[in-house]
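Me: Please take a close look at one part of this model, the aromatic pair and the surface around it, and describe it in connected prose.

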Amino acid sequence: HLTKVAAAKEQAEADLEQFQEAVLEQAGEDFRAEWKSALEDLADEQAEVLADQQEMKITEAELHARAQEHRNEALAAEEDSQASRQRLEEQLALAAVAKEELMTRIDSHASVAARNQRQADLAIAAL
């Protein structure tokens with residue numbers, strides 16, 4: 001009877017050891033599966049972050065290009081404005097010269113008209 005009990009005890013211990021090994025093996029597999037899933041999730045998140053960073057770089061480059069385009073347009077507009085102002089100043093200077101010439105002609109005509117009027121007055125008086 002003791003032999004049977006000892007054999008049963010040994011069998012129970014062997015079964016317990018096998019069960020513990022199976023539990024540990026299953027726990028290890030579960031642990032590996034959880035870690036694999038976690039690593040896959042992390043890789044997916046990292047890929048999303050990289051995609052977002054790339055999109056931000058593109059957006060930043062687009063914004064930089066637009067800002068540069070606006071600066072160029074502003075510079076061109078300023079150059080056009082300066083050129084227009086210079087043309088306007090030149091036209092005003094030419095108009096001032098033309099006005100001066102016109103005033104000189106008017107004075108000259110007035111002077112000739114006054115002389116002619118005096119001569120006419122003298123001629124009328126002589127008659």
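Reply: What follows starts with the aromatic pair and then moves to the surface patches and the salt bridge.

This is a predicted model, in which local features need pLDDT of at least 70 and side-chain atom pairs count only at pLDDT 80 or more, while totals for chains, interfaces and linings use all residues. Residues are numbered from 1 along each chain as its sequence is written, and side-chain values use heavy atoms, with hydrogens and water left out.

A search of the whole structure finds 1 aromatic pair. The ring centres of Phe31 and Trp35 lie 6.0 Å apart and the planes meet at 65°, so this pair is edge-to-face (rings of Phe, Tyr and Trp, the last by its six-membered ring, pair if their centres lie within 6.5 Å, and planes under 30 degrees apart count as stacked, over 60 as edge-to-face and the rest as tilted). Both residues, Phe31 and Trp35, belong to helix H1 (residues 2-126), where they are 4 residues apart, about one turn of the helix; helices (H or I, at least four residues) and strands (E, at least two) are DSSP runs, numbered from the N terminus. Trp35 has a relative accessible area of 47% and is therefore partly exposed, given that buried means under 20%, exposed over 50% and partly exposed in between, with a 1.4 Å probe and protein chains only.

Phe31 and Trp35 also join Leu39 and Leu42 in a nonpolar surface patch of about 460 Å², and Leu42 is likewise placed in helix H1. Patches are made of residues with over 30% relative accessible area and no salt bridge, like charges being joined within 9 Å and nonpolar side chains (Val, Leu, Ile, Met, Phe, Trp, Tyr) within 5 Å; the areas come from the Shrake-Rupley method with a 1.4 Å probe, and for residues only the protein chains shown count as cover.

A patch of negative charge on the surface includes Glu29, Asp30 and Glu34 among its members, where Asp and Glu count as negative, Lys and Arg as positive, and His and the chain ends are not counted. Glu29 lies in helix H1 and is partly exposed at 36% relative accessibility.

Elsewhere in helix H1, Arg85 and Glu89 are 4 residues apart and form a salt bridge whose closest N and O atoms are 3.2 Å apart (a side-chain nitrogen of Lys or Arg within 4 Å of a carboxyl oxygen of Asp or Glu).

Technical notes: The place of a charge is taken as NZ of Lys, CZ of Arg, CG of Asp or CD of Glu.
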